[in-house]
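Colleague: Got a minute for this one? Put it on the screen and let's talk it through.

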Amino acid sequence: MSNINELFGKELKVINMGLDSFGDDLKEQNIKTVQMRWRPPAGGSKKMMSLLSKLK
Amino acid sequence: MINSTSMSSRVKNMIEQMVEVNGGKDIEGFIHSVFDYACNIQVSDKDLIGLISKEYGDNPYSISLDLPPGQTMKKLNMEQGMRVIINNKSIRSVAGHFYINLQGADSWEPGLPKEYNDLVDRNQLQSNLLEIMGTLLRKGNFLGIGPLIVDYPPIIKEFEINDFENSIKVNHYSSYISPRIKNLLYGIIKDDQVSIEKILTGIVGFGPGLTPSADDLLVGLLATLHYLGQYYKMEIKAISYLKKSLIDQGLTNQTTIVSRQMLKAAINGEFARSIKELSIAMIASKDRKEIERAVLAAINLGSTSGTDTLVGLLLGAYVIKKIKIKKEENYGSTCGSKKEHILRFGYINDSNKRIK
Amino acid sequence: MIVTKELNSISGVKEVLVGMGTDLNKELTGNLNLMTPEIEELTPNDFYIAVDTEKEEVFEEVVSKVDELLSKKAESQTSDYQPATFDSAVDALPDANMVVISVPGEYAADEAKKALNKGIHVMLFSDNVPIEKEIELKKLAHEKGLLVMGPDCGTAIINGVPLCFANAVNKGDIGIVGASGTGIQEVSSIIGKLGSGITQAIGTGGRDLRAEVGGIMMIDGIRALQKDPNTEVIVLISKPPAKEIEEKVLNTLKESDKPAVVHFIGGDPEVAKAYGAYAGLTLEDTAYKAVALSRGEEVVDVVDFTRDKEELEKAAKEEATKFSQGQKYLRGLYSGGTLAYEALQILQEEGIDGYSNIPLKSEFKLEDVFKSKAHTVLDLGEDEFTVGKPHPMIDPSTRIDVILKEAKDPEVAVILLDFVIGYGANRDIVGEILPGIIKAREYAEKEGRHLTFVAFVCGTNEDPQNLEKCEVTLKENGVYVLPSNAQAVRFSEKLISSIK
């Protein structure tokens, strides 16, 4: 059995990396979810900030 | 195992260089001081590497750690004097008490950007400063020396802010240091090296917090001197005067070890990530929301640290503006008299008498 | 670090100072007459508390309060622990089996790779991931027997859990693999509305069936559904793939006896039939056929109104009499890309070539996407409309602007809208767009014109927005609501063709 089939039988547990709303939707449905506080590896550049602002 | 989330390129390079000098072998250090969410590792006579929980933000001299809930440095069995082994991949105790994974940590540059694609015009800069001030007054923590900003009516007026909160109350710390800060600004505008040094003796190390409030304010001041200096393509002499006093004359010895590192970095144009991001936003962003977000992120540094720093940043912006006006006036008549400055700043208290 | 306010409020405290033992702090302490010989001895790295009080107990209380404040960790932005690195996230949820990634495309692939290397399945919502990276990720996933749904995958339902933009669909025995997000939403929702259910809905991302990627995820997905004991019927949704990939994919379907419904949107239905699969003619027809197979019923083409046929045809004729001279065009304003594409397909079958930003034929591409022409169908989720804004399924402002603009065009008779509900979507999309509809209609009326709105809602009654509630609200406000995109398009076409 592939790992995909193994997944089908299990409780879904999710790491959400990025948009908070996707994680919030899962939590609302009582799905075990860890929301990451992800930030781009760049740091300090204006480009980075505009990327961040797009996400929100 | 504890994972590190990020470290400044300064710390990364320092570790790499020390390992290289040591012939590629691990280096040793010892724990200099331990707090719940931070600790300092001494790696040479002069150099410390900080370890700090990521909630406190990224600093030029430290490695940020992803501490799970409930975890503290002390619970990791860190103790003063404990020997640690450091290499490019990890920091661990000789006795195996803890292991900090450095792989996967983002390296970020704390220094000044070399160039900018797009800087805002003067009007936008002014409105950005206004936005910073407005957000700070609404959301800041004014329990450090932050309230001294209300002693500066010219600045409040400068930024056309009238509706600031009455809840900002002066306290022992702010009222004690306020006149000295005024004199420092005056000294900077005058390019008066002697008085800058004299006044700084009465400022460095003052105020509550592990990084005393006054030091935070100086860092904010240095941030605008550096960044607005870049913006106006102006050499700010005051930076070298501040460096002379703080570093060469050893004034940082009168404050805490953490503060000393912070000031040393700031003199060289290196700032905490949130302060750097705000400074760049100040001169390069046209997005109010972006500025507001950057201010809020900076305010979140420590409890009063962020606010104290931002007050320094705004005072710095005011100083730069005065320096510019002075320079432009100097091309014409010889204006910029002492009297005029006293009028602009309000009454200057002769607080030097009180300094031993 | 230290909050003096909280200390000053302790009763019995006259003055309190807390800080590091720098000379200047000591100086202030002296000025407040709180100096003691012990404080004199402090160095800058010592921490001290000085309290002016008459009672010893008050001092103790201050000390313990300071202790408490000092050991309180800086508050992060939310109360939950939010790890910053992938490793820490795995530490926090050790048996995580799915990572949903929506970070900017340039970083997304690296993060996905970390997950795969830890044996965790990936849903990659991010777009702008280079195709070479996609190939690398999918090869790695294939080796490890893992899912990489995406990049640019907006919809999946795994073990009954809707991920990103997806609907709450009951469990059943129909398994879906699809390269189109809204395509999966429309098919799975209709299956749900018909009272059946699904096992899994696996998204592959739009580029999976390109020759370069080779349909890796589509094929792995099909095989997983074939092996899945709960899945009895397999549904496949995609735009027509590259020829060699089409063959590979359809051959894979033959590896098991499970019946399959294949819908290559805009493709030739005969292709699937040649491989022994059922061909879905529209998204709706695909859902109907899958449900029939699941129930062991006869499989028939569903290409007409499914209820109230005569009334609808009559209503279309009556409605058409209300238009003024010169009103003759349809404007379809979609938030779902595949739904817009399907609308263009159905209109073409009825002999209408729609202009669009995503046209079927290049000569019908709008020169200026902000200037509709003749019959026009727009995908408002395309980049040119979303610059600096969230997707129209979340933020309706762009769509409202376009509705109002179309209402001012004297040649416009019918405006067709999709309402995609479910997780990920705006929680009150109907309520937010309705004022725009009402305003548009009022504007047209003032100019002496009648404007007809036709809509359908893609979703289920189990969705947070509730399908029925949405439909009722629209109907109460004079909008014609049809049960599917296909029927909404056909009804709109009937309206247009009834204009004398």
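Modeller: Accessible areas here come from the Shrake-Rupley method with a 1.4 Å probe; for residues, only the protein chains shown count as cover. This is a predicted model: local features need pLDDT of at least 70, side-chain atom pairs count only at pLDDT 80 or more, and totals for chains, interfaces and linings use all residues. Residues are numbered from 1 along each chain as its sequence is written, and side-chain values use heavy atoms, without hydrogens and water.

Colleague: How much area does chain A expose?

Modeller: About 2700 Å², with 51% of it from carbon and sulfur atoms. Of its 56 residues, 48% count as buried (under 20% relative accessible area, 1.4 Å probe, protein chains only).

Colleague: What pattern does chain A follow along the sequence?

Modeller: α-β-α-β-α. That is three helices and two strands, taken as DSSP runs (helices H or I, at least four residues; strands E, at least two).

Colleague: Switching to chain C and chain B. How many residues does each give to the contact?

Modeller: Chain C gives 35 and chain B gives 39, with contact meaning heavy atoms within 4.5 Å.

Colleague: And what area is buried between them?

Modeller: About 3100 Å², 56% of it from carbon and sulfur atoms. That is the accessible area (1.4 Å probe) the two parts lose on being put together, summed over both.

Colleague: Which side chains meet in a salt bridge?

Modeller: Glu27(C) and Arg180(B), at 2.7 Å, N to O. The rule wants a side-chain nitrogen of Lys or Arg within 4 Å of a carboxyl oxygen of Asp or Glu. The count between chain C and chain B is one.

Colleague: Which element gives the most to chain C's side?

Modeller: H2(C), with six residues.

Note on methods: Chains lettered and ligands numbered in written order. Buried < 20%, exposed > 50% of the residue type's maximum accessible area, 1.4 Å probe, protein only.
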